[in-house]
Amino acid sequence: MSTGRLSILGMGPGDPELMTIKAARLLRESPVVGWFCRHDRPGHARQIAGDMIAPDATTLRFAYPFTTEIAVSDPAYLMRMGQFYDECAARVATHLEAGQDVALLCEGDPFLFGSAMYVFDRLHERFECAIVPGITAMSGCWSAARRPMVHGDDVLCVIPGTLDEAALVAWLEKADAAVIMKLGRNLEKVRTALRRTGREGRAIYVERASQPAQRCLKLTDMTGPAPYFSIILVPGREDAR
């Protein structure tokens, strides 16, 4: 019996209409569908999928053992998350070995900070794998904000907010334009780095781009905590051409 194929589907930033035709087709056809989520939530990728999952499909819900409870720098974080992805890959492999195709959902694009890539790392040498790219969260954000990001030979830097302040400052000083992801509890540290580099006044805060609760505003006007689905944009040069 031949083994199944793993299809990792980029689901886009939130609006189901921003999924690719290919991702939607594979999702509807797949006999097994998996996704990642917090233990207490249904999962963003699952919400995007809506009723596109076949009623008789087998579903695999991969609930993270923790999200922000342990710092990424803590050795326990890498060890436990490694075990978690081992377990996810083993569950997917069981279906692939039985000859069933599996669709693994990932919000945004799978290979840009996507959890699905860790399952890919563990399985792609054993099974056929197809990657369907998705519209990234950052492109959803700058489209929602209606803000062109790079012009000519501008250099765009994608910066995780989990870096320490000194590293944030160093990357912001190098970049013509920047996208800062993974805000959450790192928001104030990111604000400080932007202020130190003179970029705070140009920074745009975007929350839940392309979703019903979307917000776009100047970072200097933003108050309160930043949810998981939020990004700061620092556009490059904005001179007329």
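In this predicted model, the side chains of Glu 188 and Arg 191 meet in a salt bridge, with a nitrogen-to-oxygen distance of 3.1 Å. Both residues belong to helix H7, and because they are 3 residues apart there, about one helical turn separates them. The two partners differ in how far they are covered by the rest of the protein. Glu 188 is partly exposed, with a relative accessible area of 49%, whereas Arg 191 has 8% relative accessibility and counts as buried. The limit that matters here is 20%, since a residue under that relative accessible area is called buried.

A general principle lies behind such pairs. Side chains of opposite charge can pair when their charged atoms come close. The structure holds 12 salt bridges, and two further examples are instructive. One of them joins Asp 40 to Arg 38, where the closest N and O atoms are 3.0 Å apart. Asp 40 is partly exposed, at a relative accessible area of 44%, and Arg 38 is likewise partly exposed, at 29%.

The other example is the salt bridge in which the side chains of Asp 154 and Arg 237 meet, at 2.9 Å from N to O. Why does this pair tie together parts that are 83 residues apart in sequence? Asp 154 is located in the loop between H5 and E6, while Arg 237 is located in the segment after E10, so the salt bridge links two parts with that separation along the chain. Asp 154 counts as buried at 14% relative accessibility, but Arg 237, at 39%, counts as partly exposed. Salt bridges with shared partners also bring in Asp 153, so that Asp 153, Asp 154 and Arg 237 form one network.

The elements just named lead to the sheet. It is an open sheet of 5 strands, arranged in the order E6-E7-E10-E8-E9 with mixed pairing. At its edges are strand E6 (156-160) and strand E9 (215-218), each of which pairs on one side only. Neighbouring strands in this sheet are turned against each other by 20° on average, direction ignored. Helix H5, residues 137-144, packs on the sheet and touches E6, E7, strand E8 (204-207), E9 and E10. The direction of H5 makes about 65° with that of E10. Helix H7, residues 187-196, which holds the salt bridge described at the outset, lies across E7 and E10 and runs at about 5° to E10.

Strand E10 deserves a closer look. In the order of the sheet, E10 stands between E7 and E8. Strand E7 (residues 177-181) and strand E10 (residues 230-234) run antiparallel and are joined by 3 bridges. Within this pairing, Ala 178 has Val 234 of E10 as its bridge partner, and Val 179 stands opposite Leu 233. On the other side, E8 and E10 also run antiparallel, with 4 bridges joining them. Here Tyr 205 stands opposite Ile 232 in E10.

Are the residues of E10 buried or exposed? The strand is mostly covered, with 5 of its 5 residues buried. Ser 230, Ile 232 and Val 234 point one way from E10, Ile 231 and Leu 233 point the other way, and all of these residues are buried.

Other nonpolar side chains lie at the surface. Leu 112, Phe 113, Val 150, Leu 156 and Val 158 make a nonpolar surface patch of about 340 Å². Val 150 belongs to the loop between H5 and E6, the loop that also holds Asp 154. At 42% relative accessibility, Val 150 counts as partly exposed.

A final residue, Met 11, provides a contrasting case. Met 11 is found in the loop between strand E1 (5-10) and helix H1 (21-29), and this residue is buried, with a relative accessible area of 0%. Which residues does Met 11 touch, not counting those up to four places away in sequence? The contacts are Met 19, Leu 27, Ala 45, Ile 48, Ala 49, Leu 105, Cys 106, Glu 107 and Gly 108. One of these, Leu 27, is 16 residues from Met 11 along the chain, and the C-alpha atoms of the two are separated by 9.9 Å.

Conventions:
Residues are numbered from 1 along each chain as its sequence is written. This is a predicted model: local features need pLDDT of at least 70, side-chain atom pairs count only at pLDDT 80 or more; totals for chains, interfaces and linings use all residues. Side-chain values use heavy atoms; hydrogens and water are left out. Buried means under 20% relative accessible area, exposed over 50%, partly exposed in between (1.4 Å probe, protein chains only). Contact means heavy atoms within 4.5 Å. Two strands pair if DSSP finds at least two bridges between them. Axes are lines fitted to C-alpha atoms, for helices over the stretch in contact, and angles run from 0 to 180 degrees between N-to-C directions. Patches are made of residues with over 30% relative accessible area and no salt bridge: like charges are joined within 9 Å, nonpolar side chains (Val, Leu, Ile, Met, Phe, Trp, Tyr) within 5 Å. Accessible areas come from the Shrake-Rupley method with a 1.4 Å probe; for residues, only the protein chains shown count as cover. A salt bridge is a side-chain nitrogen of Lys or Arg within 4 Å of a carboxyl oxygen of Asp or Glu.
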